[in-house]
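Student: I have a new model open and would like to learn how its features get their names. Could we go through some of them together?
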Amino acid sequence: MSAKDYLRELREEIKSDTRKMLQETLPSTDPVPDDDGDDSSGSSTGSDPPLSTGEDNDADGNIEFVELVSANKPNKPDKENEKPPPPAGGDPDPVKLKKEILKKHNAANKKLEKKREECRKLDGTQEGELVEGFVGMAGARVVEESDGSCSVTSSAKSKTSSKKQKPVVIDPAVQKRFEAHSQKICNRIKAVQSKLQQLRLTGAVSDNSSTVSSTSGTGSKATTKAAVKNAKKTAKNAQTPQNKNFVSTKDGSAAFFPDPQTTTPFSQLNLTANYKAQVPPPLPSCIQGLAKQENILLLTLLTLNPKQRDDYLLMLGKENSLLTAVKGGYQKGQPAKPVEINPSLQEFAVNLKSRAMVQLYGAQARQATQDEVSRPFLTVTAADKIQEVKKVREVRTFEDEVSYLLNNGKVTDKANYKQELTLQNVSKAERNAFLTEANQKALRDLVDELVKNERGYVVEGVLRVNVNNNSQAFVDDHTRAADVYINSVLLRKCAMDGDLVRVFVKHGEPEEESEDSPTKSERLKNNWGFVVDIVEKRHSRVCVGTFMPYYQSANQYIRFSPRDLKIPVMRIYKQHWPEAIFKNEFKQLESVIYQAEIIEWREDVPIGTILRSIGKCGELEVENQALLVEYDLDVSPYSEEIISSLPPSPFQIPEEELKKREDLREECVFTIDPLTARDLDDALSCKVLKNGNFEIGVHISDVSYFLKEGSELDELVKLRATSIYMVDNVYHMLPKPLCFLCSLLPGEDKLAFSVFWEITPDAKVLSTRFAKTVINSCTQLAYEHAQVMLDKPTENLRVEDFPPILHGYTPNFLSRIVNQLQSIAVQLRARRMENGCIKINQPKLSFTLDPNTGKPTSYAVYELKTANQLIEDFMLLANSSVAKFTYSKFKDLAILRNHFAPSSTQLKNLAKLLAKHGHTLQHDSSKAIAQSFETISNACPQPEAARAVLNIMMAKPMTRALYFCSAFAKLPEDFFHFALAIPMYTHFTSPIRRYADCLVHRVLTAALELSDPPARTPEELAQLATICNVKKYNAKLAGDASSLLYFKHYLRQAKSIKTTAAVSDIGQQLIELVLISTGHVCKVSYKSLAKVADFKLTEDTKPVRHCLLLPKDKKIAPAELRLFSEVRVTVQLVKEAVTVTSVLPPLLLAPKAPAASVET
């Protein structure tokens, strides 16, 4: 039996019993009229408004309003109105009886109207329709009148007879039967109430539904009060926001939306007269607290997965009219039909969301807006069910991705793909089909046809993965102004950062450059492509990282998060788990750093294995080891066999070798290096010739004498390629005994490779010659010692202020030589700057470590002095001289170093940015850039701040300098070094710490006809040059990361430091600052600085944006911040990030403070 049938049967039963009682009690009156009757004695305003006009509601919309007027109660007669009974067997006075009945009837109607009005106010209902979905039973009320009459009301408007009632003769026997019938009806109603209560406890009926109640003519006044109190409670619940099933409408009325999932459908209930047999068993005591509608709904939602939960909520919203179809939102041909929150409820929904936001995030949570709740939901209709259309991740193959790219899949249906632009899975392999030989051949054939038909071209280059989105990658394309863009892991055939790849580039549509949006213009120029072949896997496929949280439900594999963000999250399957996982709780292993290796790919997901455990996160030694592994740097010690094969120490130079070399042991040769340096690669000499010119010599350690080409040691050294300088240690490229053997220590005979120039006093190079020499350095000067000589060129220097000086030389003699070298170096530097040399100096930090713990106790900024520049000038001259000489002798075997011009597009964007701030950047040549750099810096009120920002800005468009074999360079720009403004350049001066210098030494030896040419082919030399490029860059990154690691550790101990910063960008929500002393870039929001200062943005034409800095401390004057402005900042470590926590204007009148000070 359905809910409507059940309620209709109940209604008919009550009406039938009522008619019988009235007919028996009032035999002379007409029967109680049905719906079509009209009661003229009832007030038309006293009838309740209809509960619902909806057709889909479970409540019966046709329930009538029936009035029951009972006779006087014999058990408790009203003493005030008590009348003597009529004489036995006599008829009562009809006039008096008529007046009495009419009087009581009118009194009952008045009180009924009063009670209706009272209930209407409590219920919150007004004249008019309620929102669809209100349960019909919630509108029922029972009101007992004080004179014993009672009324049973329902939702429909009642129309009773307008005819006048005739006098009634009351018979005691009839009255008794009437009371029996009345009691029977009350019992029946109580039984219904009990049944509904049982259903409510099991979730069949909501707690918030109104209770159907009634009292009989013999009921007590306490029952009446309880019924009224229950009605008030129901009305109050309907208005209370906590009652989640009631929704207030705009007119103030309330609507109840039951949960169709947790509510048992009435059609499934066997509600018969014998209802006791259908009462479900009571709930267990352990879940009695959950037997509320909202708890059951919550529990239901918690058991569903996200997709099921979304589908379920959309279904409920549709069924309960909370979601309605969007008018005009559906278009023919679309598989989805959009729905939205019922417009009449959106205002209330905004309040609900705002309240939920406060509960989630506290009082500071933002307020919800109308736009957020009025957005449409995309749904599809199938079998009368509403489901959300979710973007399920489609498993696509390499062939799918290529076909999608070539056919412009964004606007072309798959069915319309052109055959000649579609790559087929020829091998029919289900996994990684692109690796099969058949599919690779099909791919090459397709690319050949595409190139033949001029649909694109093929380029070879190094893959660069986007660190912010490892699914995106770029390949340098020197034939065009922009790069090749590859937008998925599959399209690059799972190649990794640094791999050499061959790429097919699809011709893009011609686009006009936009002056207003340079970023968009640059993006449009990037042609799309895909990898055809991985020419060389330069990435080791090894990384370090930590395990992500492990869930038992996914026990087949654990997700591994690499620290290198260019590598996707890996899957480690059970057979590759470390043993510690099986022996310990997994929570203990989440903070352990592991070394992992990618062993295969499953489509675009890397599958890895664990190689070893490195240690606990946060420990300095462990973190340094992790950095070395992360950047693929081999620091393992050399074997005992290698060490034993080295020449003994002290080394005695053979006589045969001495005869081949130029003996300079009697010359004044000395080294100038950092104070703590142990690897002394280079030395200097200078003497005045008879013609007044200078003979200046640069003497470099001859490592190639000990490191023979192709030897066992050489095969190991070439893979390391460079020394690694970490904060806590130096990892030498060569074995330590060989480093000390080659180091140009004072007082020892050393083999060297020397370059001599005859230079005039005005720094013109007249001649250059190269020679293998033997030297004996007289002293080891530090930069600080040489700087004293430069600062005090004419003073008498004390011996005790300098290191030991051998061979009878004095500090004053060395001072004269150093100043002679300086006079030449200054002119060489000026000439180089005139040619367009660009100086981009990034700050370098040095740390003082606790000898016991290894933790940093202080730090300082490494300052470049004039003495540093002196050495640099002559090393540059030596390198360029060797490059020209070796290339002139061996066109195909010379190892050179080039630096391509920076990205023109990025330079244009930078120029436009600076122009908006009133600065001009000329970028047509390196000289123009260098001059603009100096002009902008000197024009700013704080030149030091401007240089700090410009160093960061100029470094971004710059490319990396690279080693290369001359056999593969043809054009002049292939040899040019842009930053140094030198036509041809190489590295010759540091063979102890760079393998590329050793290669150059071998070519130079052959050029001097002192040995045979190198045995390696140009291809092998090119490969070695690539290894040197990769290792040199990785070693730099590791050193920078080590410096940042120790700076963070120092910052954690110091709590905070105060220093100065320069403004590099001002945005709507945040400001970007560059710490002048350390070079760290920090972005900080205005909101996080609100406790110290306020920022008021202003929109001016020039510059584009600047702001007013308003300190909270009124003693500090406000300041206007623009690009390059200098500010005082407090720096702290917040969530392992260097963070600026306060910004204040600079102290204009204060003396210049140290670079940084610890806040006490």
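Tutor: Happily! Keep in mind that this is a predicted model. Let's begin in the loop between α15 (640-644) and α16 (655-660), where Pro650 lies.

Student: What makes the peptide bond that joins Ser649 and Pro650 cis?

Tutor: Its omega is about 0°, and the bond is a cis peptide bond. Most peptide bonds are trans.

Student: What is the phi of Arg541, and where does Arg541 lie?

Tutor: Phi of Arg541 is near 65°, a positive value in a residue other than glycine. Most residues other than glycine have a negative phi. Arg541 lies in the loop between β14 (527-536) and β15.

Student: Let's move on to β15, then. Which strands make up the closed barrel?

Tutor: Five strands form the closed barrel, in the order β15-β16-β17-β19-β18, and their pairing is mixed. On average, neighbouring strands of this sheet are turned by 50° against each other, direction ignored.

Student: How do you know that β15 and β16 pair?

Tutor: Two strands pair if there are at least two bridges between them. Three bridges join β15 (residues 542-547) to β16 (residues 557-562), so they meet that cut-off. The two strands run antiparallel. As an example of bridge partners, Thr546 is matched with Ser561 in β16.

Student: Which helix lies across β15, β18 and β19?

Tutor: That is α14 (residues 620-630), which lies across β15, β18 (592-602) and β19 (605-616). α14 runs at about 150° to β19.

Student: Now some helix pairs. Why are α20 and α21 called roughly perpendicular?

Tutor: Angles of 65 to 115 degrees count as roughly perpendicular. Helix α20 (residues 811-835) and helix α21 (residues 866-889) pack at about 70°, with their axes 9 Å apart. That angle falls in the range, and therefore the two helices are roughly perpendicular to each other. α20 passes α21 in a left-handed crossing.

Student: Which residues make the contact?

Tutor: From α20 they include Val818, Leu821 and Arg832, and from α21 they include Leu870, Asp873 and Phe874. By class, this contact of α20 with α21 has nine nonpolar, three polar and three charged residues.

Student: And why are α17 and α27 called oblique?

Tutor: The axes of α17 (residues 712-720) and α27 come within 8 Å and cross at roughly 50°. Under 35 degrees would count as roughly parallel, and roughly perpendicular begins at 65. The angle fits neither, and α17 and α27 are therefore oblique to each other. Lys718, Leu719 and Arg720 of α17 make the contact with Leu1024, Ile1027 and Lys1031 of α27. These residues divide into three nonpolar, no polar and three charged.

Student: How do you know that the span of α27 is close to the expected one?

Tutor: Helix α27 (residues 1018-1054) has 37 residues, and 54 Å is expected at 1.5 Å a residue. From its first C-alpha to its last, α27 reaches 53 Å, close to that value. Just after α27, Lys1055 takes a positive phi of about 75°.

Student: One last pair: how do α23 and α24 pack?

Tutor: α23 (residues 926-939) and α24 (residues 943-955) pack at an angle of about 145°, with axes 8 Å apart. α23 passes α24 in a right-handed crossing. Where they meet, Ile929 and Phe933 are among the residues in α23, and Leu950 and Met954 are among those in α24. By class, the contact has seven nonpolar, three polar and two charged residues.

Conventions. Residues are numbered from 1 along each chain as its sequence is written. This is a predicted model: local features need pLDDT of at least 70, side-chain atom pairs count only at pLDDT 80 or more; totals for chains, interfaces and linings use all residues. Side-chain values use heavy atoms; hydrogens and water are left out. Helices (H or I, at least four residues) and strands (E, at least two) are DSSP runs, numbered from the N terminus. The expected span of a helix is 1.5 Å times one less than its number of residues. Axes are lines fitted to C-alpha atoms, for helices over the stretch in contact, and angles run from 0 to 180 degrees between N-to-C directions. Angles under 35 degrees count as roughly parallel, over 145 as roughly antiparallel, 65 to 115 as roughly perpendicular and the rest as oblique. A crossing is left-handed if the near helix is turned anticlockwise from the far one by less than a right angle, and right-handed if clockwise. Contact means heavy atoms within 4.5 Å. Ala, Val, Leu, Ile, Met, Phe, Trp, Tyr, Cys and Pro count as nonpolar, Asp, Glu, Lys and Arg as charged, and the others, Gly among them, as polar.
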